[in-house]
Amino acid sequence: MTTTTAPHGGAAPPHGHDHDHPSFLAHHFDTPAQQEASAKMGMWVFLATEILMFSGLFLAYAIARWAYPEMVLEAHHHLSIPMGGVNTVVLITSSFTVAVGVRAAKIDNQKLLQWMLLATIFLAGCFLVVKYFEYSAKFEHGLLPGRFYTADYIAKDLTVPSPLGGPHTFFGIYFLMTGLHGVHVVLGMCVMTWIYLRARRGEFGPHFFTPVENVGLYWHLVDLVWIFLFPLLYLVK
Amino acid sequence: MATTYIRGKQVEPEMEAPHHDVAPMSLYWKVFGALLVLTCLTVAVSYADLGKASLAVAMVVAVVKSTFVVMYFMHLKGDDRTFTFIFLSTLVFVGIFFGLTFADLSTRDAVNSEWGYHGWANEKGQIIERTAPAHGEGGHEAAAGHEAAPTEGHPSPEAAPTH
């Protein structure tokens with residue numbers, strides 16, 4: 001951390017409310033730098049828990065693929081590479097716009113910051129629309145998890161070694177991974193809207209943009225998860 | 001701004017107002033372009049028939065893309081090293097998670113056959129004999145004289161009689 005000393009130890013001078021600390025500095029922090037470092041560390045620890053949560057699902061995928069490679073290979077042909085590819089580009093672009101937004105806050109370009117936040121929210125919406133069409137197609141064909149799986153599809157030479165080795169297992173993992181990721185996209189849109197409203201009030205600038213930066217960090221993580229989901233689910237060979 | 005004290009000492013001006021490096025816009029464009037190119041690359045590679053190597057290639061491309069995002073969009077490069085430490089230690093734990101799980105899965109058959117177990121327990125503790133043929137990877141077990149060895153370790157749902 002940039003500020004290393006404990007804030008409440010030792011003999012601090014009297015600290016009343018009559019002095020003029022900046023409005024964004026919470027009272028329990030001594031300096032803006034300390035406040036920013038604390039907030040960002042909290043965000044990174046949160047991202048760590050997010051990575052670990054998703055790693056459980058990635059592990060489930062890895063086990064399914066390890067145990068039933070032919071099944072995973074067959075089942076993934078039902079996912080649309082164009083749709084997944086479009087969504088990859090959409091998410092990467094949204095990562096770019098939110099990064100440019102954080103930069104705009106740093107250089108006090110308020111208009112650009114607001115436009116970049118709006119663009120990110122819009123791209124997140126595009127992602128969800130594509131996802132909606134993808135999910136609808138899966139529902140329509142009965143390509144669903146577990147006992148909800150009703151598609152009669154089984155490849156000609158694919159012997160299913162056990163009740164777990166069928167394509168319903170792949171679609172269980174597909175819906176869990178993309179579903180949890182989709183929930184993160186929805187939450188990201190909500191938080192981004194909140195940050196946009198605060199940005200419109202002119203709350204952020206070169207001296208204070210930690211909320212923008214932290215939301216950006218969250219959004220980049222959502223992008224990171226998709227960077228791995230897309231090749232694993234859509235492009236496996 | 002008011003004078004601020006920590007433990008009775010006046011803090012330095014640079015701590016009052018954190019210094020932020022603003023990367024040039026060209027860097028953001030370059031990273032964005034690299035990410036798009038790598039996305040096209042990973043799609044193109046998936047159509048090429050690389051066999052077993054395709055997973056490795058796809059993962060290498062994904063790791064490179066992630067590195068770009070983490071270093072430049074998330075500003076881990078040039079930021080406080082504490083954040084890099086948190087991030088990398090998370091990846092270590094993910095590695096432990098995967099490593100121990102696959103160490104278990106990949107040695108389970110050998111241990112079971114060594115101990116003479118050819119089935120698994122269901123949720124009631126009854127041993128279910130394995131009868132279904134295992135897929136290709138179980139070949140060495142069959143050669144050892146067993147009927148068939150389980151190549152995967154999913155206990156209860158497989159044994160559930162209602163299925």
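## The largest cavity

The largest cavity in this predicted model takes up about 70 Å³. Counting cavities of 30 Å³ or more, the total comes to five.

Who lines this largest cavity? From chain A come Arg65(A), Pro231(A), Leu232(A), Leu235(A), Val236(A) and Lys237(A), and from chain B come Thr42(B), Val45(B), Ser46(B), Ser54(B), Leu55(B) and Ala58(B). By element, α6 of chain A plus α2 and α3 of chain B each put in at least two lining residues. By chemistry, the lining splits into seven nonpolar, three polar and two charged residues.

## The largest pocket

Now for the open space. The largest pocket holds about 1200 Å³. Its lining runs to 39 residues, and those closest to the pocket centre are Phe58(A), Phe228(A), Leu232(A), Met59(B) and Phe98(B). Five elements give two or more residues each to that lining: α1 (32-67), α2 (69-75) and α6 (210-234) on the chain A side, and α3 (53-73) and α4 (81-115) on the chain B side. Leu232(A) is worth a second look, since this residue is listed in the lining of the largest cavity and also among the residues closest to the centre of the largest pocket.

What is the make-up of the lining of the largest pocket? There are 27 nonpolar residues, with six polar and six charged ones alongside. As for where the pocket sits with respect to the domains of chain B, domain 1 (21-79) and domain 2 (80-163) both contribute lining residues, so the pocket lies between them.

## Thr39(B)

Thr39(B) belongs to helix α2 of chain B, which covers residues 25-47. Is Thr39(B) buried or exposed? With a relative accessibility of 3%, Thr39(B) falls under the 20% cut-off and so counts as buried.

Once neighbours within four places in sequence are set aside, the contacts of Thr39(B) are Thr88(A) and Ile92(A) from chain A, and Lys65(B) from chain B. Within chain B, the Thr39(B) side chain also reaches the backbone oxygen of Leu35(B), at 2.8 Å. Further along the chain, Ala62(B) is 23 residues away from Thr39(B), and the C-alpha atoms of the two sit 8.6 Å apart.

## Lys40(A)

Over on chain A, Lys40(A) is found in helix α1, one of the elements that help line the largest pocket. Lys40(A) is a charged residue, yet at 4% relative accessibility Lys40(A) counts as buried.

What does Lys40(A) touch? Leaving out residues up to four places away in sequence, Lys40(A) touches Glu213(A) and Asn214(A) in chain A, plus Asp79(B) and Phe83(B) in chain B.

## The two chains

Chain A has six helices and zero strands, so to speak a plain run of α-α-α-α-α-α from the N terminus. Buried residues account for 57% of its 237 residues. Among contacts in chain A with a separation of 6 or more, 81% are between residues 24 or more positions apart.

Chain B mixes its elements, with six helices and four strands. Along the sequence the order is β-β-α-α-α-α-β-β-α-α. Of its 163 residues, 33% count as buried. When contacts in chain B between residues at least 6 apart are considered, 40% link residues at least 24 apart.

Notes
Residues are numbered from 1 along each chain as its sequence is written. Chains are lettered from A and ligands numbered from 1 in the order in which they are written. This is a predicted model: local features need pLDDT of at least 70, side-chain atom pairs count only at pLDDT 80 or more; totals for chains, interfaces and linings use all residues. Side-chain values use heavy atoms; hydrogens and water are left out. Buried means under 20% relative accessible area, exposed over 50%, partly exposed in between (1.4 Å probe, protein chains only). Contact means heavy atoms within 4.5 Å. A polar contact is a pair of N or O atoms within 3.5 Å; within protein, one must be able to donate a hydrogen and the other to accept it, and residues adjacent in sequence count only if both atoms are side-chain atoms. On a 1 Å grid over the protein atoms alone, a cavity is a set of points where a 1.4 Å probe fits but cannot get out, and a pocket is an open set with protein on both sides within 12 Å along at least five of seven lines; lining residues have an atom within 4 Å of a point. Grid points are joined across faces, edges and corners, and a volume is the space filled by probe spheres set on the points. Domain bounds come from an automatic or database domain assignment.
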